[in-house]
Amino acid sequence: ASFTIPLRAVDSVTVTIKLRPGVSPGCHIRVKNIPRFELKIRPGENMTFTFTCNTPEKYFIMEIQKNIDCVSGPCPFGDVHLYPPGLPRLNRTFIWDVKASTKAGLELKFSAPWLRQIQPGDTCPDLVSYNINSCIDTATVNIGTFCRNGSVSRVKLLGGVVMSLHLPWNSALTTSGFNIANRSSIKRLCIIESILKEESSITLMSPNYPLGFPEDELMTWQFVVPSNMRASVFFHNYSLSNCERKEERVEYYIPGSVSNPEVFKLSDSQPANIAGSFNLSLQGCDQDAQNPGILRLLFQVVVQHPQIDENVTHLVDLSKEWNMTVTIHFEGWPSRIPLMSEPICLICKDPRSCDRVLTLVSGAIYKISFLCKDLSHLRITAEKGISCMDLRWCQRKIYALSVPKAITQLPVQLHKFIWKLIAPELINIEITSPSLKLQQHLPEQRCNTSYSYSIVSATPEMDLNVGIFCPGGAIEKIQMRNNITISLKTFGKGFLNESNHQDLKMSFVPHIKDECTFTVSPDPKAKIYLQTPNSPYGLPPYVSISWYVIVPSKQVARLGFSKDRMGIACETGRAYVNIKEQTVGAEETVRREDELLPEPRNMHHNFWVNISNCKPVDKMQLTLQFWVTFVEKQIDLAVILAVLAGAGVLAAIGFTVCCVKKKKKKSQNPMVGVYNANVNTQMPGRQRLFKKDRKNNESHVYAVIDDAMVYGHLLKESNGSVTPEVDVYRPFDGPVGSLPPSPPPFSFRKDIKRSPSTEEPPPLAETDHDAYTFAHQKSGELEDNGDRNEKNNGDTSMSFLEDKEQDGLEE
């Protein structure tokens, strides 16, 4: 098709057609059979041209610029038209360059549905956009980029203006959508008018955003709001320049205010719940010439109907609290920023001081109200610090870790309450739950309560996630060595009722030996599971954890592990599992990481379980779980028979003595004794189950212990060349009491390098095998000839010492 564009000189319009940036030339403009890639038609020219392709919009764009002089001549007030008509269907930009005096502002008025400001780089849904630039002398300030369908109805500018309208090639728009209204002095960079007729949210930016507001300039936004609506202002993104003189600030003119203008810093919470129309002005400063910095502002204005309960205040009394903060916020804060279009919930400290997030501090009393249609979008997060610097002062004090009534009475769901417990060196922390007790949340025993506790023990070098716990379990007490963070997290609305029964308490105690110690008092009818902390990442290297399990007097505990091995290999040191009952002469069962864990066993007394980690190889982690159940104690039938037999013997002896005394009274003749060598003079006794025992044989006497028998299996593993490394374990030999069995010290967890096989191995007395499970006799105790030693699972190192005893038993 052929196009003809006639331009009158009086219109001062220039049309330029050129290649689109970044597009290879696959099409030409043909003028009088001369192909070219660019065509410029000046005022007064009449040009006819064609394209050499059927889709010129893929290759060419068009600019139509009109110059308007409002300085030397009259300003053409009224609608601005799209001129000239009959242009080819290309992406086109209309530019109106209006020259005006700085003494008279120039007003641009937009027809409905007005404009909406967008950030630089964003695009409009219909690809139709406006760009407004203010020209003061030789300086140009970008007022902003706008789309259609918004609230911006007018823009007043100081000096000239360059107005641009971008249209896509297929747009059917035939009018510019604005007019030049009038000129009036404004004495500031610009004034932007925004009309908000109904509930809505708009976003606006300072000129030149994000590059920086001009130095020492002033601009104003005018917001037209119905008197029956409420407006709130929120600053979402701002930065400050480096001022040499004056101060950057925002000023509000609110009709009816007693202190107009109201001055705020950009860092302050901005006014909220404003009734009716108001103005907001941004004032810059004189900047440092060497380091000016950047002043910029992006903010949001939200308009909504008054809330029914906006005059309902809630008293939050934190005057008696110490070192505590309470934050009321929207759901997902702070990781999620709500969309501009989402319904807004405001929390107000007073009728004009409202925000989406409100923080209250201890030592004060607040009266707060809510501007929110649905309070379910709000949450409460609180934090309280408790510390101890002098154990003499704080050791006797018990702190209740419960949520204050001032928080639970608010009509907002508690999301999380955090206690930060701080203790210096040699002072540790004890957590107790006397009445409810705690249950460890595990896949085998999930918490189904309305809240739970997450406990983390922390040092500058290591964080130990102790676990997640909820009320209604078996753990009475947890002692930890380091600073502790306890986070109470709620689930649903049931916490409001259950919060009345919280019984978690905390106290400071002297130094403990293990990283963490649990005191467990299970329900005799329940099966409980206990697991090492820091799951699923595993117990940190060289950390020792203990559990003290209380066994009821008429019960027998059944202890078992959920897997048969620890599942790790040690790079440095050794990992151990120690089990020991709290009774005199109790055996201590020890297993190393390369051995099978004990089979389920019965525990008749309170007992300790200690798990100590080494430094595992590569990424291997130590995670162990064990369980405890209870059964009623059964009285041994043999014991009953022995008691009855003993009673019968005593009765027979008493009867015989009585008869002898009576016979002595009847006859005074002396008795004559006759010796019979064939009669067994030993007192009749109970027939033994085994005729041969250790006092009648020499199965327990050893003249020589052959070294090859002790170390033979080790020599086979090393092919007889070098004696392998042997670890040394020191059994628990301290007093039997409330302390856990001692884990092997670090010096004994590491491998002991041995000399080549030419040297004799150390004596057995110096290298006790660490898998012994028999009780170690203390000095002063009599030797027990009974076969009471328990044979450990997987332990074959002492089997040859028991061969003779087994022979006697089998007989």
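Two strands count as paired if DSSP finds at least two bridges between them. Keep that in mind for this tour of a predicted model.

**Whole protein.** Start with everything shown. The protein has seven helices and 54 strands. Of its 811 residues, 44% are buried. Contacts with a separation of 6 or more come to 80% from residues 24 or more positions apart. The protein exposes about 43,900 Å². Carbon and sulfur atoms supply 53% of that area.

**First stop: residues 314-317.** This is strand E28, at one edge of an open sheet. Four strands make up the sheet, in the order E28-E33-E30-E31. Their pairing is antiparallel. Now select 353-355. Here is strand E31, the other edge strand. E28 and E31 each pair on one side only. Turn the sheet and look along it: the twist averages 30 degrees from one strand to the next.

**Next: residues 346-350.** You are on strand E30, which runs antiparallel to E31. Three bridges join E30 and E31. Which residue in E31 is the bridge partner of Asp350? Select Ser353 to see that partner.

**Then: residues 200-205.** Strand E18 belongs to another open sheet of four strands, ordered E18-E27-E20-E24. Pairing is antiparallel here too. Add 274-275, strand E24. E18 and E24 stand at the edges with a single partner strand each, so one side of each has no neighbour in the sheet.

**Last: residues 293-304.** Strand E27 runs antiparallel to E18, and six bridges join E27 and E18. What stands opposite Leu204 in E27? Select Phe299 to find out: Phe299 faces Leu204 across the pair.

Terms used: Residues are numbered from 1 along each chain as its sequence is written. This is a predicted model: local features need pLDDT of at least 70, side-chain atom pairs count only at pLDDT 80 or more; totals for chains, interfaces and linings use all residues. Side-chain values use heavy atoms; hydrogens and water are left out. Helices (H or I, at least four residues) and strands (E, at least two) are DSSP runs, numbered from the N terminus. Axes are lines fitted to C-alpha atoms, for helices over the stretch in contact, and angles run from 0 to 180 degrees between N-to-C directions. Buried means under 20% relative accessible area, exposed over 50%, partly exposed in between (1.4 Å probe, protein chains only). Contact means heavy atoms within 4.5 Å. Accessible areas come from the Shrake-Rupley method with a 1.4 Å probe; for residues, only the protein chains shown count as cover.
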